[in-house]
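Ready to work through a protein model by hand? Here are a few exercises, each with a solution you can follow step by step.

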Amino acid sequence: MQQRTRGIETSCVQGGYTPGNGEPRQIPIIQSTTFKYNTGEDMGKLFDLEANGYFYSRLQNPTCDSVAAKICELEGGTAAMLTSSGQAASFFSVFNIASQGDHVVAESSIYGGTFNLFSVTMKRMGIDFTFVAPDCSDEELEAAFKPNTKAVFGETIANPALRVLDIERFANAAHRHGVPLIVDNTFATPVNCRPFEWGADIVTHSTTKYMDGHGSAVGGCIVDSGNFDWMAHADKFPGLTTPDESYHGITYAERFGNAGAFITKATAQLMRDFGSTPSPQSAYLLNLGLESLHVRMKRHCENAMAVAKYLQTDDRISWIIYPDLEGDQDHELCKKYLPNGSCGVISFGVKGGRQAAESFMRNLKLAAIETHVADARTCCLHPASTTHRQMNEEELIAAGVPSDLVRFSCGLESSEDLIADIRQALDGINS
Ligand SMILES: *Cc1c(COP(=O)(O)O)cnc(C)c1O
C-alpha cells in the first residue's frame, strides 16, 4: 500500500499526470490504436515486458494509464488499470486468480449485475460461488470457505441494498484462509472510504457512477494494494507464481513483485484476450469527473442526509434505509468506515405499497426515472415495476426489493428543491 503524501483533494485534481515544460495542462487524448518503433528489437523488448512503452491500445494506452494512475493514487494502491465497464472490472478481478474448479466467497447483497455475473456466467465457466449475508455470523463466514477458495468479494456500500461491509472482518477471514479480499468501492469512492486502509487487497470500481458523475461514459477500474503476498500462497495462485507460457514464460509474481504482479497479469492476459478496454476519449471524460469528485461527494452526502431527515418526518413513508441515519441497521459500521458520509443513495418505502410507489414516481418532476444512480442529476427507480418486474411479491421480498421500495439517488441540486419535489409527489398519490 502507498502512504498518502498529499490530501485526497489534491490527488483528485492533480494525480496521475504531471505535464513537463510547455506540455498540455490537461491530459492529452492519445487517440491512436498503435505506436511506432524504429526497430523490431525495440518493440520486442516491450513484448517481453523488459521495457515500458505502448504498442497497441487494446492492452494499454497512455491516456487511460494516466487516469488509472490517478485512481491508484486516490485508493493508495501500487498499480491500476481501467476497464471498459464496471462489469469488466468485477470479472477480471476474480478471473485473474480463479479458474475452472475454483471457488469464491461473495457477500450476498452485492450489485445485481455482479451477482448474475458470478452465479450464472462465471458458474458456467466452472467457478463456484458461496454467498454469505453481510451480517452473517463468524461461524457462517468461516464455514463458507473451501480448500479451493481463491478470493472473497464484497461491496463497501451495496447497490441498492445499502448494506455496509465490515471490511476488517471479511479481510481477516480471507487472510486466515490465504486468499485476498476484493472490494467493489463504487458507491463510497476513495473520497469516503479507502478499503486498503482496512485490509482489503484489491479494489474495483464502476467508474460509470460517482467517479464520472455526469452520466457521460461507462467504465471501470481495478486497483491493487500490493499487499497480498502471492508467493507465500504459491500453490493457490499458480497463474501468478509459475511461468505463463502464453506470455514468454514470465512468472508475474517473481518479475513484478507483490506491487505489480496482479495488474500486469490482468493486462497481459485478460485485456489481451478479452479486449475490454476503454476508449481514450472515455478515460478523458472520466478524468474530468475525478477532478471534482471530492467536492461532489460531500454535496451528494449533504443532500441525501437532508432528504433522509425529511423522509423521517413524513408519515407517508413507511421505512428508510440510509446508513448515515442513527438507528439504521448498519449505522455503527457506517461511523467506522464512512465517517464523512456514505453516498447520495437512499432507499425508502411509500405507504400504500406498489400502487402508491408507482403513483409517487409518476408525480416526481425533478427526479428522473432512470436505471442509473450516482449522478449529478437526481434520479430514482421503482425496481418492482422496472428492473425486477418479472418477480412476484414473495420473490421481490426475498431479493430485498419489496414492491414499495423506491431507490432515490440524490444529485447536486438544491436539497430544498429535492424535498419539495418529493413532498408534492407524495401529495399527488392517487389523485
Ligand atoms: C453499476 C455497478 C457495477 C457495474 O458497472 P457498469 O459500469 O455498469 O458495468 C458494478 N458494481 C456496482 C456497485 C455498481 O453500482
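A pocket, for our purposes, is an open set of grid points with protein on both sides within 12 Å along at least five of seven lines. Keep in mind that this is a predicted model.

**Exercise 1. Describe the second largest pocket: its volume, its lining and the elements behind it.**

Step 1: Start with the space. The second largest pocket has a volume of about 680 Å³.
Step 2: Look at the lining. It takes in 31 residues, and Asn52, Gln60, Asp65, Thr264 and Thr267 are the closest to the centre.
Step 3: Find the elements. Helix 3, strand 1 and helix 10 (252–274) each give two or more residues, and helix 10 gives the most, with seven.
Step 4: Sort by class. You get 21 nonpolar, nine polar and one charged residues.

**Exercise 2. Now do the same for the largest pocket.**

Step 1: The space in the largest pocket comes to about 1000 Å³.
Step 2: Its lining has 48 residues, with Ile110, Tyr111, Gly112, Asn159 and Pro160 closest to the centre.
Step 3: Two or more residues come from each of helix 4 (86–95), helix 5, strand 8 (317–321) and strand 12. Helix 5 has the largest share, five residues.
Step 4: By class, the lining splits into 21 nonpolar, 22 polar and five charged residues.
Step 5: Take one more look at Tyr111: Lys209 lies over the face of this ring, 5.1 Å from the ring centre.

**Exercise 3. How many cavities of 30 Å³ or more are there, and what lines the largest cavity?**

Step 1: The count comes to one.
Step 2: About 60 Å³ of space lies in the largest cavity.
Step 3: The residues lining the largest cavity include Leu82, Thr83, Asp212, Pro278 and Leu286. Strand 1 (79–83) and helix 11 (280–290) are the elements giving two or more residues, and helix 11 has the largest share, three residues.
Step 4: The classes are six nonpolar, five polar and one charged.

**Exercise 4. Classify the ring pair of Phe35 and Tyr54, then the pair of Phe118 and Phe153.**

Step 1: You need two values, as a pair of aromatic rings is described by the distance of the centres and the angle of the planes.
Step 2: The count of aromatic pairs comes to 19. In one of them, Phe35 and Tyr54 sit 5.7 Å centre to centre with 40 degrees between the planes, which is tilted.
Step 3: Place them. Phe35 is in the loop between helix 1 (8–14) and helix 2 (40–47), and Tyr54 is in the loop between helix 2 and helix 3 (62–75), so the pair ties together parts 19 residues apart in sequence.
Step 4: Check exposure. Phe35 is buried at 17% relative accessible area, while Tyr54 is partly exposed at 23%.
Step 5: For Phe118 and Phe153, the centres are 5.0 Å apart and the planes are at 90 degrees, so this pair is edge-to-face. Phe118 lies in helix 5 (residues 112–124) and Phe153 in strand 4 (residues 149–155), so parts 35 residues apart in sequence are tied together.
Step 6: Both Phe118 and Phe153 are buried, and ring pairs link them with Phe115, Phe129 and Phe131 into a cluster.

**Exercise 5. Is Ser409 buried or exposed, and what does Ser409 touch?**

Step 1: Ser409 belongs to strand 12.
Step 2: Its relative accessible area is 1%; buried means under 20%, so Ser409 is buried.
Step 3: Leaving out residues up to four places away in sequence, the contacts of Ser409 include Gly344, Val373, Asp375, Arg377 and Cys379.

Notes: Residues are numbered from 1 along each chain as its sequence is written. This is a predicted model: local features need pLDDT of at least 70, side-chain atom pairs count only at pLDDT 80 or more; totals for chains, interfaces and linings use all residues. Side-chain values use heavy atoms; hydrogens and water are left out. Rings of Phe, Tyr and Trp (its six-membered ring) pair if their centres lie within 6.5 Å; planes under 30 degrees apart count as stacked, over 60 as edge-to-face and the rest as tilted. Helices (H or I, at least four residues) and strands (E, at least two) are DSSP runs, numbered from the N terminus. Buried means under 20% relative accessible area, exposed over 50%, partly exposed in between (1.4 Å probe, protein chains only). A charge sits over a ring if NZ of Lys or CZ of Arg is within 6 Å of the ring centre and within 35 degrees of the ring normal. On a 1 Å grid over the protein atoms alone, a cavity is a set of points where a 1.4 Å probe fits but cannot get out, and a pocket is an open set with protein on both sides within 12 Å along at least five of seven lines; lining residues have an atom within 4 Å of a point. Grid points are joined across faces, edges and corners, and a volume is the space filled by probe spheres set on the points. Ala, Val, Leu, Ile, Met, Phe, Trp, Tyr, Cys and Pro count as nonpolar, Asp, Glu, Lys and Arg as charged, and the others, Gly among them, as polar. Contact means heavy atoms within 4.5 Å.
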